[in-house]
Structures are given as structure tokens and as C-alpha cells.
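Biologist: Could you take me slowly through one part of this model, and explain each term as you come to it?

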Amino acid sequence: MKLDEVTISRAIIDEFSKVFLDYTEVDVALVGGGPANLVAAKYLAEAGLKTVIYEKKLSIGGGMWAGGMMFPRIVVQEEARHILDDFDITYHEYEKGYYIANSVESVGKLISGATTAGTEIFNLVNVEDVMIRENDEVCGLVINWTAVEIGRLHVDPLAIRAKVVVDGTGHEAAVCNTVQRKVPGAKLGDLGVVGEKPMWADVGERMLLETTKEVYPNLYVDGMAANAVAGAPRMGPVFGGMLLSGKQVAELIIERLK
């Protein structure tokens, strides 16, 4: 078979353009490609909701890739073990209730689970603003290429419409901070965006299921972003709470939209 470079280029541009246009209107737009949003995306897409993830980095998976201090292993507690099973992630019990998984395999299977279910993922896309309409409700996202942000180029963004937005951007809680900064009088949750407290795995993991919720009209939070908004502790390389948070936010949205 003789290959033609221009045909290859056309195939990539044509296919991407069709998908990108199709996803300018979605049911759920998840910002950040970390473990919580990957879990949420699988369950949302399986429920028949049109789901997209925007990740500003080249790689998907957030901080899970590196495990703990670049040892590629993660810990998942008993309560979240069933989600490892849902994604067919290999693990074994280290001590009673503590399960060890390979962080690289875990990320790969989370991505595979989300995309196989029907989620579309756009990497290297930065969410720089939200769309707001009547009653200050979030109704979409304003996006641009990450390279534009890195290069500090004056390039206007584009917009997509979404019924629901999920901030899963981790420690920075970028979407929530944007709303709080740009909408006069906006109050996210009970206290606004507080910022995370120092690490306390036990408390942080338990609080995560309380902080995973809708914090502003049509704007939900999950994963570390949820604890950052509420002022709860960070958790470190134990990921059960992150997985459960993703599943919980999906259930909340499915109940609302379906």
C-alpha cells in the first residue's frame, strides 16, 4: 500500500472537525481529565448522556499517573473496590481494607472505560471561562487551545453549550474560581471557594462524598476540586474517595437529567 501524506492529513482534520462540531452542544461537560471525571464520564455515557471531557494537558489522568512520590502504585480502600472491578483494574489486598493497584494500568483502564462507554475527550484544550445566562446559571464553557494560553497569544476563544458542567480540575478548582471571580456576588456552596486544607487522608476521604455536589446553578464539583471548594483536607495517593466522588457526581446528574 502506497501512503499519501495529504490523505493522512485530510483524514485527521476531517474526522476531528466533525466530532468537534458535534460536541459544541452536550449534556455534560467535564473539565479536567483526572480519575474522578473519568469515572463520572463512564457512568454518564452509559446512561445515554452526551458527555465530553476537556483536559488542558497532553496526557489524561491527572495526578494518578505518578502514584505516590513517583512510585507508580496507588491505594484504594474497601468502600471503592467495586469501582476497580467495574473498570477491570488489577489489584491485590495489602492489609485488610487496603488495596494496591498499579497507577499506570489504573489510568489506562479509566480512560478506556470512559471512551468505550461513549465519552469524547479533547486534550490540550483549556477552559478559560464559563457561559452565564439568566439567573446567573452556568450554561456552557469558553474554550481555547492550551498552546494559546502558554504562548500568551491574543486569540479569541470559542464556546460550547452544556446542560451541566463538572469542575474536576483538582487542587485549583479552576472553573469554580472563575465563576466566583467573574460573577458579582457569586457564592459557591456555603462559604464560597475556601481552598484545601493540609493533608489528612482519613478526614479528606470521608468529607469528599459530602463536598461532591452542585455548588452553583448547573455547576457540580468532584474529586479534589470538591474538597478545595469546601475547605476540606487533601488526601494524597489514596484514590478511593476520588473514584467514589466521580460515581456520586454521575448519579446526581443522571437523576437530574434523566
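Modeller: The residues of helix H8 that count as buried are Gly-223, Met-224, Ala-225, Ala-226, Asn-227, Ala-228 and Val-229, where buried means under 20% relative accessible area, exposed over 50% and partly exposed in between, with a 1.4 Å probe and protein chains only. The model is predicted, so local features need a pLDDT of at least 70 and side-chain atom pairs count only at 80 or more, while totals for chains, interfaces and linings use all residues. Residues are numbered from 1 along each chain as its sequence is written, and side-chain values use heavy atoms, leaving out hydrogens and water.

With seven of its eight residues buried, H8 is mostly covered; helices (H or I, at least four residues) and strands (E, at least two) are DSSP runs numbered from the N terminus. One partner of H8, which spans residues 223-230, is helix H7, residues 201-211, and the two pack at an angle of about 85° with their axes 9 Å apart. That makes H7 roughly perpendicular to H8, since 65 to 115 degrees counts as roughly perpendicular, under 35 as roughly parallel, over 145 as roughly antiparallel and the rest as oblique. The axes are lines fitted to C-alpha atoms, for helices over the stretch in contact, and angles run from 0 to 180 degrees between N-to-C directions.

On the H7 side, Gly-204, Met-207, Leu-208 and Thr-211 meet Gly-223, Ala-226, Asn-227 and Ala-230 of H8, a contact being heavy atoms within 4.5 Å. These residues divide into four nonpolar, four polar and no charged. Gly-223, Ala-226 and Asn-227 of H8 thus appear both in this contact and among the buried residues. Just after H8, Gly-231 takes a positive phi of about 80°.

From H8 we can step across to His-171, which is found in the loop between strand S9 and helix H6 (174-182). Leaving aside its neighbours within four places in sequence, His-171 is in contact with Glu-196, Met-224, Ala-228 and Arg-234, and two of these, Met-224 and Ala-228, are buried residues of H8. His-171 itself is partly exposed, with a relative accessible area of 46%. In the loop between S9 and H6 lies Ala-173 as well, and at 1% relative accessibility Ala-173 counts as buried. The phi of Ala-173 is near 40°, a positive value in a residue other than glycine, whereas most residues other than glycine have a negative phi.

His-171 also appears in a record: the UniProt annotation "binding site", from an unreviewed entry, covers Asp-156 and His-171, and such annotations may be inferred rather than shown by experiment. The two residues span 16 residues in sequence, and their C-alpha atoms are 26.6 Å apart, so they do not all gather at one spot. Asp-156 lies in the loop between helix H5 (146-151) and strand S9 (158-167), and with a relative accessible area of 63% Asp-156 is exposed. Val-155 has its place in the loop between H5 and S9 too, where, at 41% relative accessibility, Val-155 counts as partly exposed. Not counting residues up to four places away in sequence, Val-155 touches Asn-144 and Val-148.

A "binding site" annotation in the unreviewed UniProt entry also covers a set of residues including Val-155, Asp-156 and Met-224, and through Met-224, a buried residue of H8, that record leads back to the helix where we began.

Terms used: Nonpolar A, V, L, I, M, F, W, Y, C, P; charged D, E, K, R; others polar.
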